[in-house]
Amino acid sequence: MPLTATGQLVDGARAADTAIVAFNVITLEHAEAIVAGAEQAGRAVILQISENAVRFHHGRLAPIAAAVTALAELAAVPVAVHLDHVQSPELLHAVEGTGISSAMFDASTLDYADNVSATAQAVDWAHARGLWLEAELGEVGGKDGAHAPGVRTDPAEAAEFVAATGVDALAVAVGSSHAMTDRTAALDFALIGRLRETLPVPLVLHGSSGVPDDDLVRAVRAGIVKINVGTILNVAFTGAVRAELAAAPVVDPRKYLAPARDAVARTVAHLVTTIS
Ligand code: G3H
Ligand code: ZN
């Protein structure tokens, strides 16, 4: 299937009153597992590569982007590829020619005026190339961005931010927190509803690994359109690796990577079936 554009998957989910799930890719096995899980469930999916993942790959986007976009093109379901949590304009500019159709530009740790200015420049650059751009609005003066525990997005400020920057979607702070390994986050559903009423663009939930299944479903009903998931895949991946290594003195990495990939695929299939 040809590579699908992120904007098309987000628009389709919004029109259908559901959500598209975007999963973080670190290794080739993550991407293979996410596509396998999406195919098992018969759901479209977004593969996202973060700036941190690019850093892990020695700062090079091109090799991992080539592998991920090739897998997306071979998938039996629609798959888009997205660059996530980009802080560096140089890395944003490196998406040109990779097949990546969108990015999340993360200037949320800057103060409000600087976030608006940096995000507006990123939007202008992206839109001139037909790319879809998501951004994040952090607490004014906040050091940890929008997804630190306790931070909330103010609807009026968010509306002003969207109008001033021209972003295609907004990551909102509604109670989730990045990198949780238990699913105990408590979302503010009333705030999600107010943000949906106030903002003209789709809402994105980050840090979704910490949100229980039922609350992810409620969040979609309240107005979330894109759900970003990372850590829960690594809980599955590393748990399977640990179990294999504890069971036998294996040397061949395929002996533990294959069950890890299967565990991630099962997690992906479960989440996309639950959410959409
Ligand atoms: O942008 C990526 C997501 O926000 C992933 O968050 O690892 O807490 O699921 P998570
Ligand atoms: Zn995130």
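The following paragraphs describe the barrel, its flanking helices, a zinc site and selected residues in a predicted model.

The central sheet consists of 8 strands that close into a barrel in the order 1-2-3-4-5-6-7-8, with parallel pairing. Neighbouring strands of this sheet are turned against each other by 25° on average, direction ignored. Within the barrel, strand 4 (residues 102-105) and strand 5 (residues 132-136) run parallel and are joined by 4 bridges, and M104 has E134 in strand 5 as its bridge partner.

Two of the helices can be placed relative to these strands. Helix 2 (residues 28-41) lies across strand 1 (20-24) and strand 2 (45-50), and runs at about 165° to strand 2. Helix 11 (residues 254-275) also packs on the sheet, where it touches strand 1 and strand 8 (224-229), and its direction makes about 155° with that of strand 1.

Helix 2 contains E29, a residue that is buried yet has no salt bridge. The nearest side chain of opposite charge belongs to R261, at a distance of 5.5 Å, whereas a salt bridge would require a side-chain nitrogen of Lys or Arg within 4 Å of a carboxyl oxygen. When residues up to four places away in sequence are not counted, E29 touches F237, L257 and R261.

The zinc ion (ligand 2) is coordinated at 2.0 to 2.1 Å by three histidine nitrogens, namely NE2 of H85, NE2 of H178 and ND1 of H206. The spacing of these donor residues in sequence is H-x92-H-x27-H. Because H85 lies in strand 3 (residues 79-86) and H206 in the loop between strand 7 (203-205) and helix 9 (213-222), the pair ties together parts that are 121 residues apart in sequence. Both of these donors are buried: H85 has a relative accessible area of 18%, and H206 has a relative accessibility of 1%.

Positive backbone phi values are found in two residues other than glycine, D17 and H58. D17, with phi near 55°, is situated in the loop between helix 1 (6-15) and strand 1, and counts as exposed at 66% relative accessibility. For H58, phi is about 55°; this residue belongs to the loop between helix 3 (51-56) and helix 4 (62-74), and its relative accessibility of 70% likewise places H58 among the exposed residues.

Terms used
Residues are numbered from 1 along each chain as its sequence is written. Chains are lettered from A and ligands numbered from 1 in the order in which they are written. This is a predicted model: local features need pLDDT of at least 70, side-chain atom pairs count only at pLDDT 80 or more; totals for chains, interfaces and linings use all residues. Side-chain values use heavy atoms; hydrogens and water are left out. Donors are N, O and S atoms within 2.8 Å of the metal (3.2 Å for Na, K and Ca); water is not among the atoms, so sites may look incomplete. Buried means under 20% relative accessible area, exposed over 50%, partly exposed in between (1.4 Å probe, protein chains only). Two strands pair if DSSP finds at least two bridges between them. Axes are lines fitted to C-alpha atoms, for helices over the stretch in contact, and angles run from 0 to 180 degrees between N-to-C directions. Contact means heavy atoms within 4.5 Å. Lys and Arg count as positive and Asp and Glu as negative; His and the chain ends are not counted.
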